[in-house]
Amino acid sequence: MLLRILEGVLIPFLGTTLGALCVFFLKNGVGAKTTKALNGFAGGVMVAASVWSLLIPAIDESAHLGALSFVPAVVGFFLGIFFLFLLDKVIPHTHLNEQSEGPRSRLGKNTMLFFAVTLHNIPEGVAIGVVFASFLTGGGEISLAEAFALSIGIGIQNFPEGAIISMPLASDNRSRTKSFLWGVLSGIVEPISALLTILFCELLLPIFPYLLAFAAGAMIFVVVEELIPEMTDGDHKADIGTIMFSLGFAIMMSLDVALG
């Protein structure tokens, strides 16, 4: 069982690694339409997972509060939003869909992109850790299949992110191997934060509803702040991103309900 959980935790990191491998095979990186489709699909998966895999279980685990069972979910949700908002302001970075350097930092754009990807890999890792920890505690609200579904959805989203890091570095006359390693490094925080969350799950058990909702808020922030702008960036034809978002949402919702 522990091996299966380790596999689930590493799936998103595998997505980042496969994306970074593009530096060896693609000259121009992942195509714009493919990136829009992947980000749209991942965004739909993450929104559905935030509701069915995180917020609803948070409310269910607070059923003893009666009519106030929604309070931990609401509080945790806004804590997740606020936490990501603070990180977004404090850590120098550029957003994934920004094409030109801004005045926010003197750091190079590629370094800022590295910070951007690493930044929202942390709450994604926490979200993965929370769902697997919830499964381990035996609460019955989250199944192993649901946890894997979320992990796969985040792994899909991480694929273009790995390419976003490694490809520009290679174009700046850095070696492809070093560019690949930087792309991989951007994703290493995800399994680390997931494993730390699982490791301390027993201590965190009393506040688990808040943690579930916290992860949901953090993921919603990432979707609205990064993925939706990325999937609609450029021309006004965002059909592929919208369709894939809807598809990802429907698939994740169906999996959560069918396997829950």
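Let's start with a handedness: helices H1 and H7 cross in a right-handed way, meaning that the near helix is turned clockwise from the far one by less than a right angle (anticlockwise would be left-handed). Helices here are DSSP runs of H or I with at least four residues, numbered from the N terminus. This is a predicted model, where local features need pLDDT of at least 70 and side-chain atom pairs count only at pLDDT 80 or more, while totals for chains, interfaces and linings use all residues. Residues are numbered from 1 along each chain as its sequence is written, and side-chain values use heavy atoms, with hydrogens and water left out.

Back to that crossing. The axes of H1 (residues 2-20) and H7 come within 8 Å, at roughly 160°; axes are lines fitted to C-alpha atoms over the stretch in contact, with angles from 0 to 180 degrees between N-to-C directions. That makes H1 roughly antiparallel to H7, a label for angles over 145 degrees. On the H1 side, the contact (heavy atoms within 4.5 Å) uses Phe13, Thr16, Thr17 and Ala20, and H7 brings Phe180, Gly183, Val184, Ser186 and Gly187. Sorted by class, that is four nonpolar, five polar and no charged residues. Nonpolar covers Ala, Val, Leu, Ile, Met, Phe, Trp, Tyr, Cys and Pro, charged covers Asp, Glu, Lys and Arg, and the others, Gly among them, are polar.

H1 also meets H8: their axes come within 8 Å and cross at roughly 150°, so H1 and H8 are roughly antiparallel too. This crossing is right-handed. Here the H1 residues are Ile5, Leu6, Val9, Leu10, Pro12 and Phe13, facing Glu190, Pro191, Ala194, Leu195 and Ile198 of H8. The split is ten nonpolar, no polar and one charged.

Now for another pair. H3 (residues 32-60) and H10 (residues 208-231) pack at about 160° with their axes 9 Å apart, and their crossing is left-handed. Their contact divides into 18 nonpolar, six polar and two charged residues.

What about confidence? The chain's mean pLDDT (the predictor's confidence in each residue, from 0 to 100) is 81, with 83% of residues at 70 or more. Among the elements, H8 (residues 189-199) has the highest mean, 92, and H5 (residues 109-136) the lowest, 78. Over residues 99-107 pLDDT stays under 50. Where pLDDT is low, the predicted coordinates should not be read in detail.

Definitions and conventions: Helices (H or I, at least four residues) and strands (E, at least two) are DSSP runs, numbered from the N terminus. Angles under 35 degrees count as roughly parallel, over 145 as roughly antiparallel, 65 to 115 as roughly perpendicular and the rest as oblique.
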